[in-house]
Amino acid sequence: MICVLVGQVKVKNVGNCCKSVEKSTENDRNTATVKITIRRPDDWHLHVRDGTVLQTVVAHTAQHFGRAIIMPNLKPAVTDTASALAYRDRILAVLPADSRFEPLMTLYLTDNTRSDEVRKAQASGHIHAVKYYPAGATTNADSGVTDIGNVMPVLETLQEIGMPLLVHGEVTDPAVDVFDREAVFIDRVLAPLAARLPDLRLVLEHVSTRQGVEFVVDSSERVAATLTAHHLLMNRNALFTGGIRPHHYCLPVLKREQHRLALLDAATSGNPKFFLGTDSAPHARSAKENSCGCAGLYTAHAAIELYAEAFEQAGALDRLEGFASCFGADFYGLPRNEDRISLVKTPWQVPADYPLDNDRLVPMRCGETVDWMVE
Ligand code: NCD
Ligand code: ZN
């Protein structure tokens, strides 16, 4: 490990990613870090929806992130190149003129997706991955894949052209306990798939279990995972603190503390297979506070700040830059962002909600504080 002297403290140089860390008192390594400067981060898993809500939610991400992988689970789903490019245009249209934010588009895999469509998508230059939802696994996954056998020819094409397959890794079998659905998916679907197509580039999205982490660590360098801020910061108790908490319900559902710790270890390990993907998933308050509430947490309003909290908790702020700003770009074969952002340890209060169409959007930590602020 090379050490470089930046400001007053020695920091590790992780995978060519240097960052500066300032401590509150000169020459005192025991005082708290008050400011970090990192390469501009990217979000490798994001939902921005469509129509009038785009304006609110895209602005939150575009404020600090350079790029984001945009999930295709609209209604109707984004299943072909033409609709992905049209969606991209709608996102670009809500950005301020001086914004350099880049939406990286994806295609939604269905039983009927054809190999020539994914070749066409890649040739467009704007579509960077294909998303695999097991049918019915999550929000707007009804047109997902009913049996992986149905999509083998397309997956072989993805392997051939080197385009990543982004996996929602949960079985839908109602006989499987909801907290075990990721672990069972790995055994039943993902491990056999990785063995059958060893050169396929795979991302286990929003990994939520120790078993998921272990699968990724033990697989080839073509297998990676995204980690959300909420799975790093909360365990399943957060679903029931003082009553049922619909705004903490997402899929994959939050797990036990032992899993959260495994995720935090993976995120802060410096292993380039693990990178940032918020899975920020806006739903109107009325759809969350409902007798059958939707899955999804909204974190885009404070995303990099929440990750900074998690990394600080783990004593690993020096590893944030690799995770947030380097490893994802490297995996996707894209250049790292060149500019920098700074985060300062200045607690701020998250609003109770944001406007969303004729409803409201309740963000993570609503009415509470977040420890870090982007300068
Ligand atoms: C996502 C959504 O709302 O689109 N929900 C969620 O709980 N994460 C879908 C998904 O990524 O599973
Ligand atoms: Zn998602």
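What geometry does the site of the zinc ion (ligand 2) have, given the angles among its four donor atoms? I found angles of 92 to 139°, and the site is irregular, since four donors count as tetrahedral only if all angles lie between 85 and 135 degrees and as square planar if opposite donors are over 155 degrees apart and all others between 65 and 115.

I noted that this is a predicted model, where local features need pLDDT of at least 70 and side-chain atom pairs pLDDT 80 or more, while totals for chains, interfaces and linings use all residues. Residues are numbered from 1 along each chain, chains are lettered from A and ligands numbered from 1 as written, and side-chain values use heavy atoms, without hydrogens and water.

**Zinc donors.** I listed His45 (NE2), His47 (NE2) and Asp279 (OD) as coordinating the zinc ion at 2.0 to 2.1 Å, a donor being an N, O or S atom within 2.8 Å of the metal (3.2 Å for Na, K and Ca). Their spacing in sequence reads H-x1-H-x231-D.

**Ligand 1.** I looked up the 15 residues around ligand 1 (a heavy atom within 4 Å), and Arg49, Asn73, Thr138, Leu251 and Asp279 come nearest. For polar contacts (N or O pairs within 3.5 Å), I recorded an oxygen atom of ligand 1 at 2.6 Å from a side-chain N or O atom of threonine 138, and one at 2.8 Å from a side-chain N or O atom of histidine 283. The protein covers 100% of the 320 Å² of accessible area that ligand 1 has on its own (Shrake-Rupley, 1.4 Å probe).

Note on methods. Polar contact = N/O pair within 3.5 Å; in protein donor to acceptor, adjacent residues only side chain to side chain. Tetrahedral: all angles 85-135°; square planar, octahedral: opposite > 155°, others 65-115°.
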